Amino acid sequence: MAMEEILETASRLGIDLSQVDLDSIRLPPGEDFGIKSDDEDLNEEDRLEFDAGFGNIIVVDNLPVVLKEKFEKLEGVVRKIYGQIGVIKEDGLWMPLDPVTQKTLGYCFIEYNTPQEAELAREKTHNYKLDKSHVFAVNMFDDIEKFLKVPDEWAPPETKPYTPGENLQQWLTDEKARDQFVIRSGSDTEVLWNDARQLKPDPVYKRAFWTESFVQWSPLGTYLATVHRQGAAVWGGASTFNRLMRYAHPQVKLIDFSPGERFLVTYSSHEPSNPRDTHRVVLNIFDVRTGKVMRDFKGNADEFVVGGTGGVTGVSWPVFRWGGGKDDKYFARIGKNVISVYETETFTLIDKKSIKVDNVMDFSWSPTDPILALFVPELGGGNQPARVSLVQIPGKEEMRQKNLFSVSDCKMYWQSNGDYLAVKVDRYTKTKKSTYTGFELFRIKERDIPIEVLELENKNDKIIAFAWEPKGHRFAVIHGDSPKPDVSFYSMRTTHHTGRVSKLITLKGKQANALFWSPAGRYIILAGLKGFNGQLEFYNVDELETMGAAEHFSATDIEWDPTGRYVATSVTSVHEMENGFNIWSFNGKLLYRIMKDHFFQFLWRPRPPSFLSPEKEEEIFKNLKKYSKKYEAEDQDVSLLLSEQDREKRRRLKDEWDSWVNNWKKWHEGDRSERQRLRDGEASDEEEEYEAKEVEVEELLDVSEEVLAFEE
């Protein structure tokens, strides 16, 4: 039930909702009033098992054997190690003594509040090296019975028949090669096909109250993630969306997938009991398939505010940035004077220590290789220059360094293949009263990583936007002053491949403040958002010509589909009017428009990378006419079908009109006698047969007499 319906019902019944404590309302046992809850099975399946069996107890073996005099010291060491992982119950650590020798027996039992904490303690501390002679062997207490049942003689394991799992990539085999997208409006979340041939979306799955805040696709499109008060969940399937896994994290606010979809980072922030303290932050890294917590991070919000582009309660997001390509081998975070790089085999720091970089301000990973780009601002009032460094991981060797002088600000942009890195540098003029902008362009894949300096013709032009062509060698820059800045295109190649950056063209006076390249390159949208009211120019960079221009008034978001064939522009609920989305062709033709009240999200479903080699893709592109004959025939069939559908629609509308006219004639004929009576016996309905006459009628409305006194 929507909130509007609740308010309307309360008003009708004369109930003042401000006086009602909704949290105190409890339904009768077994009564759900027809509203199915997603959380019912949560209570049944994933309830925290307090004091249920022995699943919350671990056994730690290979402890030092000490006399009773050193018992408290050893107990303190063990409690310090295991107390960091979870809450140990009162009297929950028991280290038995030999009654004869009064020495410990080399093992102990630890009881946690929950089985989840016990399982995490076992995972984190099994094979933990206390010293050279003592390496912990940690097991769950419940496993002891299983170990006791191990037979003395080996027997081959029972071979179970293979049962194939559900194909989570089934959607990629769509015969029409369509793409999916998800939208949220009001309380509904819908997944739909983009059926551009039929000029409309085709529904796949719809659910009310599917998420409590937002939805998010995984980077390869395998999963759809939803966010709830109890944690996050991922959904997928061959023909519908089933819940595949849940990740318990109370009050989760943000989530982030690793590029290869192996891990999920969840984030929550909790208000402190003391208002003077900062928020308490909890970060969990889950294995996406198993749902296990691989590593958690806890601390004050102050520890997570460095770097990043935005977040909540002052924390930069994402806190962890993933590197090393799609293998998900490394992730890193920035701290005060350090970059901490972790590897995902053990989820520990590489070489057990962070990279120390004094005053480091920002860093970013290459999208394809384990290379870090670091930015360090000027120190000592300019005595020590700013610098950008490239660091190879895991060896931590510095591959290249560039010193920068008089730097005001710096921002780094990687090309999608990791071939190039552009560093936008804002520098002070000699008077320090103004700044100008230039670019340092790194050729990452070339020998010794050469660097070029690019300055605009007018150095004082303000840089409004910068964007690399995906999988390409070109980039675009919006520069100049509003309301009509210029747009320039550059190439990292020249006709002779001399390795010099060259300008292709400058488009003068464009109403644009944002750039959106097609994922396949070649095409770009020059967009005017916010103050420009949704101006769109579809530009072909190969031919250096405009393909089309349009407008989506008040557009807030623009997103290409993963193939680069279609573009979605949307107006979300930040505007009260015209909520909904438009679907365009790559060259700017409006295909269809869908209006939705309270529209919140539009997200295309990502596709995994193609298995075709660049050479094979180039061959297909060259022979596109040969491959396109089949699809042109299909398009012709669809066009004929649409034409036939249009004709059928017009025929149906004409039939409806003829039926209405015939019914009107029958009604008109039935009233003939009444019309004749009203015309004093005249039978004809034709106005031309009657003569209009004007008749004046005088009517006495009132007479009054008044006696007036007459004075002589």
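This is a guided tour of a predicted model, arranged as a series of selections to make in the viewer.

**The whole chain**

Begin with the complete protein displayed as a cartoon. Its secondary structure comes to eight helices and 43 strands. Of its 712 residues, 39% count as buried. Consider next the contacts between residues at least 6 apart in sequence: 45% of these join residues at least 24 apart.

**Helix H3**

Select residues 71-83, which form helix H3. This helix has 13 residues. From its first C-alpha to its last it reaches 17 Å, close to the 18 Å expected at 1.5 Å a residue. Now show the side chains of Phe71, Leu74, Val78, Ile81 and Tyr82, which are buried. These residues lie on the same side of H3, because they cover an arc of only 105° around the axis. Rotate the view to the face turned away from this buried side, where the exposed residues Glu72, Lys73 and Lys80 are found.

Which elements do the buried residues of H3 pack against? They pack against strands S1, S2 (88-94), S3, S4 (129-131) and S6, and also against helix H4.

**Helix H4**

The next selection is residues 115-125, helix H4. Its buried residues are Pro115, Glu117, Ala118, Leu120, Ala121 and Thr125. They pack against helix H3 (71-83) and against four strands: S1 (57-61), S3 (107-112), S6 (137-140) and S17 (293-300).

Both ends of H4 merit a look. At the N-terminal end, Thr114 acts as a cap, with a side-chain oxygen 3.2 Å from the backbone nitrogen of Glu117. Just after the helix, Asn127 takes a positive phi of about 70°.

**Strand S7 and its two partners**

Move to residues 180-185, strand S7, where six of the six residues are buried. Display the side chains and inspect each face in turn. One side carries Gln180, Val182 and Arg184, and the other carries Phe181, Ile183 and Ser185; both faces are covered.

Add residues 188-195, strand S8, to the selection; S7 pairs with this strand in the antiparallel sense over six bridges. The two strands form a hairpin with two residues between them. In the turn, Gly186 has a positive phi of about 60°.

Then add residues 599-604, strand S43, which pairs with S7 in the antiparallel sense over five bridges. Val182 is a useful residue on which to centre the view. What are its bridge partners in S8 and in S43? In S8 the partner is Val191, and in S43 it is Leu603.

**Three loop residues**

Continue to Arg197, in the loop between S8 and strand S9 (200-208). Arg197 is partly exposed, with a relative accessible area of 27%. A distance drawn from its C-alpha to that of Arg178 spans 9.7 Å, and the two residues are 19 apart in sequence.

Select Thr222 next, in the loop between strand S10 (215-217) and strand S11 (224-227). Is Thr222 buried or exposed? Its relative accessibility is 6%, so Thr222 counts as buried, the cut-off being under 20%. The side chain of Thr222 makes a polar contact of 3.1 Å with the side chain of Gln169. Leaving aside residues up to four places away in sequence, Thr222 touches Leu168, Gln169, Trp235, Gly236, Glu261 and Arg605.

The third loop residue is His279, between strand S15 (263-270) and strand S16 (280-287). His279 is partly exposed, with a relative accessible area of 26%. Ala301 lies 22 residues from His279 in sequence, and the two are 5.4 Å apart in space, C-alpha to C-alpha.

**A four-stranded open sheet**

For the final stop, display strands S27 to S30, which form an open sheet in the order S27-S28-S29-S30 with antiparallel pairing. The edges are formed by strand S27 (407-414) and strand S30 (451-455), each of which pairs on one side only. From one strand to the next, the twist averages 20°.

Within this sheet, select S27 together with strand S28 (residues 420-428). How many bridges join these antiparallel strands? Seven bridges join them. As a closing detail, centre on Cys410, which stands opposite Val425 in S28.

Technical notes: Residues numbered from 1 in each chain as written. Predicted model: local features only at pLDDT ≥ 70, side-chain atom pairs only at ≥ 80, totals over all residues. Heavy atoms only, no water. Pairing = 2+ DSSP bridges. Axes fitted to C-alpha atoms, helices over the stretch in contact; angles between N-to-C directions. Buried < 20%, exposed > 50% of the residue type's maximum accessible area, 1.4 Å probe, protein only. Contact = heavy atoms within 4.5 Å. Polar contact = N/O pair within 3.5 Å; in protein donor to acceptor, adjacent residues only side chain to side chain. Expected span 1.5 Å × (residues − 1). Arc of directions from axis to C-beta.
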